[in-house]
Amino acid sequence: MFNVTQDGNRTMIAAPRTLKERQFMDKYIEDTRNTLKTKYNIVDSEIAYVGDDLIDIPVMEKVGVPIAVANAIQDVKGISIYTTKVAGGFGAFREAISWLINEQGKMEEVLKSMKEKIMNS
C-alpha cells in the first residue's frame with residue numbers, strides 16, 4: 001500500500017496513489033491525532049505538526065502550530081506559522097523543536113533538565 005524506504009536519517013512514505021489509499025492515510029492521521037489528544041489530555045490548539053506536502057494540509061489546518069519544512073510546497077508554507085531553514089530529512093524536525101522551545105521561553109529549563117539527566121545517569 002505504501003512504499004517505505006530508509007535513506008540515512010530519512011524515512012520516506014510514498015504518497016497515496018488511489019482514493020482507497022488516501023482514505024486509509026486520512027483515517028490513520030486522524031486516529032493518531034485523536035490518540036495523542038486523549039493520551040496527553042491536550043486540544044488541537046496545543047498540537048504542533050510538521051509537514052511538507054498536500055496530504056499534510058488537512059491536519060495542519062486543525063492544529064495550533066502548523067510548521068513547514070524548507071522544501072515544502074508553497075500551499076503548506078502558506079498555512080504555516082513557521083518554516084524551517086533546512087529541508088525535511090536534514091534536521092528540520094530538530095530545528096522545529098528548538099524553535100518551539102525558544103518560543104515558549106523554555107530553552108534554559110530544557111537544557112538544564114537534559115544536563116541533570118546526563119549527569120545523574
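Me: Is lysine 62 buried, partly exposed or exposed, and what is its relative accessible area?
Reply: In this predicted model, a residue counts as buried under 20% relative accessible area and as exposed over 50%, with partly exposed in between. Lysine 62 falls into that middle class, so the answer is partly exposed, with a relative accessible area of 40%.

Me: Which residue forms a salt bridge with lysine 62, and how far apart are the closest N and O atoms?
Reply: Lysine 62 sits in the loop between H2 and S4, whereas its partner is in helix H1, 32 residues apart, and the pair links distant parts of the chain. That partner counts as partly exposed, at 24% relative accessibility. The residue is glutamate 30, and the closest N and O atoms are 3.1 Å apart.

Me: Which residue forms a salt bridge with arginine 33, and what separates the closest N and O atoms?
Reply: Arginine 33 belongs to helix H1, while the partner lies in the loop between H1 and S3, 11 residues apart along the chain. Both arginine 33 and its partner are buried. The partner is aspartate 44, with the closest N and O atoms 2.4 Å apart.

Me: Which residues are linked in a network of salt bridges?
Reply: A search of the whole structure finds five salt bridges, among them the pair of glutamate 30 with lysine 62 and the pair of arginine 33 with aspartate 44. These four residues belong to a network that also includes a further lysine. The linked residues are Glu30, Arg33, Lys37, Asp44 and Lys62.

Me: Why are aspartate 31 and lysine 27 separated by about one helical turn?
Reply: The side chains of aspartate 31 and lysine 27 meet in a salt bridge, at 2.8 Å from N to O, and aspartate 31 is partly exposed, with a relative accessible area of 35%. Both residues lie in helix H1, which covers residues 19-40. The separation is about one helical turn because, within that helix, the two are four residues apart.

Me: Which residues of strand S4 point one way, and which the other way?
Reply: Strand S4 covers residues 65-68, and the four residues named here are all buried. One of them, proline 66, is the bridge partner of tyrosine 49, and another, alanine 68, has threonine 83 as its bridge partner in S5. Val65 and Ile67 point one way, and the other way point Pro66 and Ala68.

Me: How many bridges join strand S3 to S4, and how many pair S4 with strand S5?
Reply: Strand S3 (residues 48-51) runs parallel to S4, and S4 also pairs in the parallel sense with strand S5 (residues 82-83). S4 and S5, together with helix H3 (residues 74-79), make a right-handed β-α-β unit. The bridges number four between S3 and S4, and between S4 and S5 they number two.

Me: Which residues does isoleucine 57 touch, not counting those up to four places away in sequence?
Reply: Isoleucine 57 lies in helix H2, residues 57-60, and is buried, since its relative accessible area of 15% is under 20%. Its C-alpha atom is separated by 8.0 Å from that of isoleucine 79, 22 residues apart along the chain. The residues touched are Asp75, Val76 and Ile79.

Me: What pattern does the protein follow along the sequence?
Reply: The secondary structure comes to five helices and five strands, and of the 121 residues, 25% count as buried. Read along the sequence, the pattern is β-β-α-β-α-β-α-β-α-α.

Terms used: Residues numbered from 1 in each chain as written. Predicted model: local features only at pLDDT ≥ 70, side-chain atom pairs only at ≥ 80, totals over all residues. Heavy atoms only, no water. Buried < 20%, exposed > 50% of the residue type's maximum accessible area, 1.4 Å probe, protein only. Contact = heavy atoms within 4.5 Å. Pairing = 2+ DSSP bridges. Right-handed = clockwise from strand over helix to strand, strands pointing away.
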